Amino acid sequence: TPMRTDDRLDTPSDSAGPPAALATVDVGSGGSGLEVPVATTRSARASRDLSRSPRPSLSKRVGTQLLAIFEFDQVLTTCEVGFCDDAEDAARAVFGGPVRHAQLAEFLTGLKEREVWLAVVSRNSPRLIKDILRAAGLRRLFRWVYGYDDLQRRGDLKSALIGHELLQRKELPAYDVIAVFDDAESCEDVHTLGVKVVRIEHSGGMGWTEFDKVRDWVLAHEVLKSEKLALPPGSAVTSCLSSPAGSQIGSRRHSLSDHDEVQ
């Protein structure tokens, strides 16, 4: 059966700041709701269609596989997400309202159309993450969701989890992986793997600036990998783009084990 995956794609930004002004909304029931920021964005931004640009098939065209990793809280969402009674109510609020939700979904779908694999690596509850993503219609886009329990088994280090579960098990070179986090500790930790790291330095989750950085990285890989295949072995470009030792793409790379099933 085909896997359900999640994709994220950035678009050109006109400003370096957060994409929206923030308000708050209280969700939940019984007076113990969750107060979260809600993004409001300009209508001009809402009208931008990220999915209409040409999207060559990355893995089929150049024979490589890219992976984008995202934190859940304050990256995919606009706030820290805690326990909630109703995932559907929470999903309507934690992604910043309908406009940002649509932009995020379009960004992720754009990545999926380019055959970029998507994963969540977070210290939040994996069940909560999956429930809210599913209620928001986004779960099918993500190939893997790793949460608190998974990190605890790896010493609470995102670098250890990513290095073992994704780089080693999926046979992905660090060069072909990008990660988006909002805290300096995670960024510094994961950067030690050689992964490209994007840090969100404002509140309200991912915005146009971060979308741009991820998409530019994907497009650069498409160009460079295509040029690599077009050049004779031993050329300067092919040498600098070669995967690290032991990270060659094997036949297992594009197959899924039972552990990889989206649940």
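Biologist: Which residue just after H6 takes a positive phi?

Modeller: That is glycine 137, whose phi is about 75 degrees; please keep in mind that we are looking at a predicted model.

Biologist: Staying with H6, which of its residues are buried?

Modeller: The buried residues of H6 are Pro126, Leu128, Ile129, Ile132 and Leu133. Looking down the axis of H6, these buried residues fall within an arc of 160 degrees, so they line one face of the helix.

Biologist: And what covers the buried residues of H6?

Modeller: The cover includes helix H3 (72–76), helix H4 (87–94) and H7, together with the strands S4 and S5, the latter spanning 144–146.

Biologist: Which salt bridge has both partners in H6?

Modeller: Aspartate 131 pairs with arginine 134, and their closest N and O atoms are 3.6 Å apart. Both residues lie in helix H6 with a spacing of three residues, which is about one turn of the helix. As general background, an α-helix has 3.6 residues a turn, so residues three or four places apart point the same way.

Biologist: How accessible are aspartate 131 and arginine 134?

Modeller: Aspartate 131 is partly exposed, at a relative accessible area of 32%, and arginine 134 also counts as partly exposed, at 39%.

Biologist: How many salt bridges does a search of the whole structure find?

Modeller: The search finds eight salt bridges. One of them links aspartate 156 to arginine 123, with the closest N and O atoms 3.1 Å apart. Aspartate 156 lies in the loop between helix H7 (148–152) and helix H8 (158–168), while arginine 123 lies in the loop between strand S4 (117–121) and helix H6 (126–135), so this pair ties together parts that are 33 residues apart in sequence.

Biologist: Are aspartate 156 and arginine 123 buried or exposed?

Modeller: Neither word fits, because aspartate 156 counts as partly exposed at 28% relative accessibility, and arginine 123 is likewise partly exposed, with a relative accessible area of 32%.

Biologist: Which residue meets glutamate 165 in a salt bridge?

Modeller: The partner is arginine 154, with an N to O distance of 3.6 Å. Glutamate 165 lies in helix H8 and arginine 154 in the loop between H7 and H8, so the pair ties together parts that are eleven residues apart in sequence. Glutamate 165 is buried, with a relative accessible area of 12%, whereas arginine 154 is partly exposed at 29%. Salt bridges with shared partners also join Arg154, Glu165 and Arg169 into one network.

Biologist: Changing topic, how many disulfides are there?

Modeller: The count comes to zero disulfides. As for individual cysteines, cysteine 79 is buried, with a relative accessible area of 2%, and cysteine 187 counts as buried at 9% relative accessibility.

Biologist: Back to charges, then: which buried glutamate has no salt bridge?

Modeller: One such residue is glutamate 210, for which the nearest side chain of opposite charge is lysine 213, 5.6 Å away. The cut-off for a salt bridge is 4 Å between a side-chain nitrogen and a carboxyl oxygen, so a pair at that distance is not counted.

Biologist: Where is glutamate 210 found, and what does its side chain make a polar contact with?

Modeller: Glutamate 210 is found in helix H10, which covers residues 208–230, and its side chain makes a polar contact of 3.1 Å with the side chain of histidine 202.

Conventions: Residues are numbered from 1 along each chain as its sequence is written. This is a predicted model: local features need pLDDT of at least 70, side-chain atom pairs count only at pLDDT 80 or more; totals for chains, interfaces and linings use all residues. Side-chain values use heavy atoms; hydrogens and water are left out. Helices (H or I, at least four residues) and strands (E, at least two) are DSSP runs, numbered from the N terminus. Buried means under 20% relative accessible area, exposed over 50%, partly exposed in between (1.4 Å probe, protein chains only). A disulfide is a pair of cysteine sulfur atoms within 2.5 Å. The arc is that of the directions from the helix axis to the C-beta atoms. Contact means heavy atoms within 4.5 Å. Lys and Arg count as positive and Asp and Glu as negative; His and the chain ends are not counted. A polar contact is a pair of N or O atoms within 3.5 Å; within protein, one must be able to donate a hydrogen and the other to accept it, and residues adjacent in sequence count only if both atoms are side-chain atoms.
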